[in-house]
Amino acid sequence: MESGITFELQRAASTRGRRGDVASWVGQVGGLGRIELSFPTEHSDYPAEYCEVAVVGESFPLVTYLGLRYLRRPLLAEGELRVDWEPADLHRGAYRLGRKGRALRIHIKDRSYTYAQVGGKRSHELARQGAGVLMRRSGWNNPRTLVGTCSGTADALDIGLAVVLEAVYTRNLTLPGAVVSMPGRFLNRCNFL
C-alpha cells in the first residue's frame, strides 16, 4: 500500500444485538475495500462484564479485542487481542514515564508493534518497523469519524489493528489517564481484602 494513503470511517446507525446497541463505523480503504469497526460484537459467548470489539472487511483479517467493560469499551488491562482467532502477545508499562514508556506493545504474526497516544487524546499511532497508521478521532468518547493515515508499507493487518484499538479504552496510555486509573488498578490487585 502507498505511503500517505488516508481513509475515513463514518459512524453508522446503531443496531440492536443480543448484548444491546451495537455501534459501528464503516468506510473504504483505497485498494483494500470496505472496512467496519463494531462493538459490542456477537462473535463469542463472553461474560456480561466483558466487551468485545471487532474489525471486519473484504480484504482485512478478522481483528478482535476482548476486555473488561468500562464506559461501554473494553479496557487494556488483561485484554485479549486476536487476528483471525490467533492471540497476540500484549505488554505495557503502566507505571513508566512518557508516552513511549506507557505504549502498548503488540507481537502478532511475526511483527512487533507499539501503539501510543500522539498529540491530544484523540490521536493514536500504531507503528512497526517500516510502517505505521496514525488514527484521529473526531471526538474522544463517541466520535462521528475515524480518520487513518498510512505511512511506509502499511497493509491490511496494520490498518485492522489500528482501527480495532480505536474502540478500546486507552486513556491510561497517558500520564493523566494513568494517574486516574491507579486507584482502580490497586483495588483490583487487592481483591483478597
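**Figure 1. Asp158, a buried residue of helix α2 in the predicted model.** In this predicted model, Asp158 has a relative accessible area of 2% and is therefore classed as buried, since that class covers values under 20%. Asp158 belongs to helix α2, and its side chain makes a polar contact with the side chain of Arg111 at 3.0 Å. Once neighbours within four places in sequence are set aside, Asp158 is in contact with Arg111, Tyr113, Leu126, Arg128, Ala131, Val133 and Thr153. For one of these residues, Arg128, the C-alpha atom lies 8.6 Å from that of Asp158, although 30 residues separate the two in sequence.

**Figure 2. Helix α2 and the residue that caps its N-terminal end.** Helix α2 spans residues 156-165 and is mostly covered, with 10 of its 10 residues buried. The buried residues run from Ala156 and Leu157 through Asp158, Ile159, Gly160, Leu161, Ala162, Val163 and Val164 to Leu165. The N-terminal end of α2 is capped by Asp155, a side-chain oxygen of which lies 3.2 Å from the backbone nitrogen of Leu157.

**Figure 3. Arg137 in strand β14.** Arg137 is located in strand β14, which covers residues 131-137. Its relative accessible area is 5%, and because the limit for a buried residue is under 20%, Arg137 counts as buried. Apart from residues up to four places away in sequence, Arg137 touches Arg122, His124, Pro143, Thr145, Leu146, Leu165, Glu166, Val168 and Thr170. Arg137 is also one of the residues that line the largest cavity, the subject of the next view.

**Figure 4. The largest cavity and its lining.** The model holds 2 cavities of 30 Å³ or more, and the largest of them encloses about 50 Å³ of space. Its lining is formed by Leu71, Arg73, Arg137, Trp140, Asn141, Val168, Tyr169, Thr170 and Arg171. Sorted by class, these lining residues comprise 4 nonpolar, 2 polar and 3 charged residues.

**Figure 5. The second largest cavity.** This cavity contains about 30 Å³ of space, and the residues that line it are Trp25, Leu37, Phe39, Arg73, Pro143, Leu146, Glu166 and Ala167. The lining divides into 6 nonpolar and 2 charged residues, with no polar residue among them. Arg73 appears in this lining and also in that of the largest cavity.

**Figure 6. Asp84 and Lys109, two loop residues with positive phi.** Asp84 sits in the loop between β8 (80-83) and β9 (86-87), where its phi is near 50°, a positive value in a residue other than glycine. With a relative accessible area of 43%, Asp84 is partly exposed, because this class lies between the 20% and 50% limits. Lys109, found in the loop between β11 (104-108) and β12 (111-117), likewise is not a glycine and has a positive phi of about 55°. The relative accessibility of Lys109 is 36%, and Lys109 is accordingly also counted as partly exposed.

**Figure 7. The chain as the setting for these close-up views.** The chain contains 3 helices and 15 strands, and buried residues make up 47% of its 193 residues. Among contacts in the chain with a separation of 6 or more, 43% join residues that are 24 or more positions apart. The accessible surface of the chain amounts to about 9700 Å², and carbon and sulfur atoms account for 54% of that surface.

Definitions and conventions
Residues numbered from 1 in each chain as written. Predicted model: local features only at pLDDT ≥ 70, side-chain atom pairs only at ≥ 80, totals over all residues. Heavy atoms only, no water. Buried < 20%, exposed > 50% of the residue type's maximum accessible area, 1.4 Å probe, protein only. Helix = DSSP H or I, 4+ residues; strand = E, 2+ residues; numbered from the N terminus. Polar contact = N/O pair within 3.5 Å; in protein donor to acceptor, adjacent residues only side chain to side chain. 1 Å grid on protein atoms, 1.4 Å probe; cavity = no way out; pocket = protein on both sides within 12 Å on 5 of 7 lines; lining within 4 Å. Points joined across faces, edges and corners; volume = space filled by probe spheres on them. Nonpolar A, V, L, I, M, F, W, Y, C, P; charged D, E, K, R; others polar. Contact = heavy atoms within 4.5 Å. Areas by Shrake-Rupley, 256 points an atom, 1.4 Å probe, with all protein chains shown as cover.
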